[in-house]
Amino acid sequence: IAPIPLVTTFNYAPGTTVPIPAGYINDAVNSWINQNTTAYDTNGFALQAADVSGATTTLERDITLNAADSNAVLSFNWKLQDDGSGRSLILNVYQDGDLTTPYATQSISSFNTWVSSSPVTLTAGHTYSICWVYSDADTSNNHTQTAWVDNVTIAAPSETFEYPTGTTVPIPAGYINDAVNS
């Protein structure tokens, strides 16, 4: 499985917005933006929820892991700007088209600071809908509260091989041995 998304570094003036990365499904009414005013990394970009007074906005990423793929791990950073007036940012991961019961769910419990998500293992042989849902119960429209998601990574876990010196073991399944220099 290839890591998603690929990371490229560009220099942009502060306050710049660029298109949402390919593969994300943006809320049709309350669109998220990809901006560089607030990001986990200095000079980076982060996906920012729309200001949705009294409403909800969703950003989705769908991914399919074939049965022959390795399991993958979803991780990201997120931040919720809140003054205690009923805002929330939730992650719901759905499996195989079942959009009623989340396979995994998380909510951010800190306000106004970047937090690393708990890793979510995505099992090979399934399709996943990864959804970030930002809600704002405050209908006053006199605030600029929002939420951000950054550094979304979906990657196979690394493999390590540790054996006592001198131990001969077979090559792990899935690796091809060089017939000449084995």
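This section describes the strands, the sheet, the aromatic contacts and the nonpolar core of a predicted model.

The protein chain has 12 strands and 0 helices. From the N terminus on, its elements therefore read as an unbroken run of β, namely β-β-β-β-β-β-β-β-β-β-β-β. The chain holds 182 residues, and buried residues make up 36% of them.

An open sheet is formed by 5 strands. Their order is E2-E5-E11-E7-E8, and the pairing is antiparallel. Strands of a sheet pair through backbone hydrogen bonds, in either a parallel or an antiparallel way. The edges are taken by strand E2 (24-26) and strand E8 (104-107). Each has a single partner strand, so one side of each is left without a neighbour in the sheet. From one strand to the next, the twist averages 15°.

At the E2 edge, the partner is strand E5, which spans residues 55-65. E2 and E5 run antiparallel and are joined by 3 bridges. One bridge partner pair is Asn 26 with Leu 59, the latter in E5. Strand E5 also contains Ile 63. Ile 63 has 7% relative accessibility, so this residue counts as buried; the cut-off is under 20%. The C-alpha atom of Ile 63 is separated by 8.6 Å from that of His 126. Along the chain, these two residues are 63 residues apart.

Strand E7 covers residues 87-95 and includes Arg 87. Is Arg 87 buried or exposed? Its relative accessibility is 5%, so Arg 87 counts as buried. The side chain of Arg 87 makes a polar contact of 3.4 Å with the side chain of Asp 136.

Aromatic contacts were examined next. The model has 5 aromatic pairs. One of them joins Tyr 24 and Trp 132. A pair of aromatic rings is described by the distance of the centres and the angle of the planes. For Tyr 24 and Trp 132, the ring centres lie 6.4 Å apart and the planes stand at 35°, so the pair is tilted. Tyr 24 belongs to strand E2, and Trp 132 to strand E11 (residues 126-136). The pair therefore ties together parts that are 108 residues apart in sequence. Both Tyr 24 and Trp 132 are buried. They also belong to one aromatic cluster, together with Phe 76 and Trp 78.

Charged side chains sit over rings as well. At Tyr 24, the charged end of Arg 61 sits over the ring, 5.3 Å from its centre. At Trp 148, the charged end of Lys 79 takes up this kind of position, also 5.3 Å from the ring centre.

The largest nonpolar core has 30 residues. Which members touch the most others? They are Trp 32, Leu 74, Leu 122 and Trp 132. Two or more residues come from each of E5, strand E6 (72-80), E7, strand E10 (120-122), E11 and strand E12 (147-155). Strand E6 gives the largest share of this core, with 5 residues.

Trp 132 links several of these descriptions. This residue lies in strand E11, is buried, and is part of the aromatic cluster. Trp 132 is also among the residues that touch the most other members of the largest nonpolar core. Tyr 24 shares the aromatic cluster and carries the charged end of Arg 61 over its ring.

Methods
Residues numbered from 1 in each chain as written. Predicted model: local features only at pLDDT ≥ 70, side-chain atom pairs only at ≥ 80, totals over all residues. Heavy atoms only, no water. Helix = DSSP H or I, 4+ residues; strand = E, 2+ residues; numbered from the N terminus. Buried < 20%, exposed > 50% of the residue type's maximum accessible area, 1.4 Å probe, protein only. Polar contact = N/O pair within 3.5 Å; in protein donor to acceptor, adjacent residues only side chain to side chain. Pairing = 2+ DSSP bridges. Axes fitted to C-alpha atoms, helices over the stretch in contact; angles between N-to-C directions. Phe/Tyr/Trp six-rings, centres within 6.5 Å; stacked < 30°, edge-to-face > 60°. Lys NZ or Arg CZ within 6 Å of the ring centre and 35° of its normal. Core = buried A, V, L, I, M, F, W, Y, C linked by side-chain atoms within 4.5 Å.
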